[in-house]
Amino acid sequence: MELKTAIEILEYHQEWRLGKRDDIIHEPKKLTEALDLILSEVKRTKSMDRQKLIKQLFVGKVSDIIGFEKAIELLKESTVAIDEMLKSC
């Protein structure tokens with residue numbers, strides 16, 4: 001099962017649980033498979049390297065402040081500068 005499908009199944013089930021849908025259209029086995037996939041994805045994401053999460057948060061915040069295009073340009077410039085610095089070491 002793909003992540004997108006798992007999300008769709010769980011969203012539909014949540015809508016049914018909250019009374020927004022009348023029929024359950026997914027078999028319990030599919031619901032379990034979707035839950036297992038989502039839990040696995042959450043655990044994988046949770047175990048991501050701390051520095052990667054910090055970088056993602058930083059880029060996101062910078063994008064909010066100066067705009068996405070400028071943030072990408074700044075990230076490229078920073079990458080080049082760091083690569084050059086590491087070459088000289």
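# A guided tour of a four-helix model

The protein exposes about 7800 Å², of which carbon and sulfur atoms supply 59%. The model on screen is predicted.

**The whole chain.** Begin with the complete protein in cartoon representation. Its secondary structure comes to four helices and zero strands, and the order read along the sequence is α-α-α-α. Next, display the C-alpha trace and orient it along its principal axes, where the span is about 65 × 25 × 15 Å. The radius of gyration is 21 Å, whereas a compact globule of 89 residues would have a value near 12 Å. Colour the residues by accessibility: 10% of the 89 residues count as buried. Among contacts between residues at least 6 apart in sequence, 43% join residues at least 24 apart.

**The charged side chains.** Select the positive and the negative side chains as two sets. The protein has 16 positive and 17 negative side chains. The centres of these two sets lie 4 Å apart.

**The largest nonpolar core.** Select Ala6, Ile9, Leu10, Leu31 and Ala34 and show their side chains; these five residues make up the largest nonpolar core. Two elements give two or more residues each to this core, namely α1 (3-17) and α2 (28-46). Helix α1 provides the largest share, three residues. Now centre the view on Ala34. Leaving aside residues up to four places away in sequence, Ala34 touches Met1, Ala6, Ile9 and Leu10. Three of these partners, Ala6, Ile9 and Leu10, are themselves listed in the core.

**The start of the chain.** From Met1, one of the residues that Ala34 touches, step to Glu2. Glu2 is placed in the segment before α1. Is Glu2 buried or exposed? Its relative accessibility is 60%, so Glu2 counts as exposed, the cut-off being over 50%. Draw a distance from the C-alpha atom of Glu2 to that of Arg21: the separation is 23 Å, for two residues 19 apart along the chain.

**The loop between α1 and α2.** Stay with Arg21, which is found in the loop between α1 and α2. Its relative accessible area is 35%, and Arg21 is therefore partly exposed, a class that lies between the buried limit of 20% and the exposed limit of 50%. Add Tyr12, Glu15 and Trp16 to the selection: Arg21 touches these residues, not counting those up to four places away in sequence. A second distance can be drawn from Arg21 to Leu39, 18 residues apart along the chain, with 24 Å between the C-alpha atoms.

**Helix α3.** Move on to residues 50-66, which form helix α3, and select Phe58 within it. Phe58 has a relative accessible area of 55% and is exposed. Between the C-alpha atoms of Phe58 and Ala71 the distance is 9.9 Å, and the two residues are 13 apart in sequence.

Then select Ser63, also placed in helix α3. Why does Ser63 count as buried? Its relative accessible area is 14%, and buried means under 20%, so Ser63 falls in that class. Which residues does Ser63 touch, not counting those up to four places away in sequence? The partners are Phe68 and Ala71. The tour ends here, with Ala71 in view both as a contact of Ser63 and as the far end of the distance drawn from Phe58.

Conventions:
Residues numbered from 1 in each chain as written. Predicted model: local features only at pLDDT ≥ 70, side-chain atom pairs only at ≥ 80, totals over all residues. Heavy atoms only, no water. Rg over C-alpha atoms; globule rule 2.2 N^0.38 Å. Buried < 20%, exposed > 50% of the residue type's maximum accessible area, 1.4 Å probe, protein only. Contact = heavy atoms within 4.5 Å. Areas by Shrake-Rupley, 256 points an atom, 1.4 Å probe, with all protein chains shown as cover. Lys, Arg positive; Asp, Glu negative; His and termini not counted. Charge placed at Lys NZ, Arg CZ, Asp CG, Glu CD. Core = buried A, V, L, I, M, F, W, Y, C linked by side-chain atoms within 4.5 Å.
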